[in-house]
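Open the model in your viewer and show it as a cartoon. Then follow the stops below.

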Amino acid sequence: MVFTVKTGSCASKLSFRQLALMTVFIGLLSACSSNDGGDGTNGSVSLINIIEEPAGDNCADGGQRVDSGIDDNADGILDTSEADVSSYICRRSGSDGANGSDGTNGSVSLISA
Ligand SMILES: [Ca+2]
């Protein structure tokens, strides 16, 4: 007896013996994959450091440097060697703008007793 197994657009003709072996093989794979694995290890923590940045190439008028990275040694501190990315928040120098014009007078509240 010959069986036709069709998967998607492919069709194969299998003998009863081949089909029986394939069924046993699939059953064994299913039995092996039904066990849950153990818990994984905890993931690493990302940390940031915010450090005063002096005036220079990164910020003409100074500012702050924000370092971020993974706490590889899990000590709760982002060590210099663990900083993967540095970003800068720079100050802008300049003078204050001109004062605005006065606003309109407010309404008067009255209380009668
Ligand atoms: Ca660390």
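**Whole chain**

The protein has one helix and five strands. Here helices (H or I, at least four residues) and strands (E, at least two) are DSSP runs, numbered from the N terminus. This is a predicted model: local features need pLDDT of at least 70, side-chain atom pairs count only at pLDDT 80 or more, and totals for chains, interfaces and linings use all residues. Residue numbers start from 1 along each chain as its sequence is written.

Trace the chain along the sequence: the pattern is β-β-α-β-β-β. Of the 113 residues, 1% count as buried. Buried takes 20 or more other C-beta atoms within 10 Å of a residue's own; 12 or fewer is exposed, in between is partly exposed, and C-beta atoms are placed from the backbone.

**The sheet**

Select strands 3, 4 and 5. They form an open antiparallel sheet in the order 3-4-5. Strand 3 and strand 5 (83–90) stand at the edges, each with a single partner strand, so one side of each has no neighbour in the sheet. From one strand to the next, the twist averages 20°. Axes for such angles are lines fitted to C-alpha atoms (for helices, over the stretch in contact), and angles run from 0 to 180 degrees between N-to-C directions.

**Strand 3 and its partner**

Now select residues 46–53, which are strand 3. How many of its eight residues are buried? The count is zero.

Add residues 63–70, strand 4: eight bridges join the two antiparallel strands. Strands pair if DSSP finds at least two bridges between them. Click Glu53; opposite stands Gly63 in strand 4. Then click Asn49, whose bridge partner in strand 4 is Asp67.
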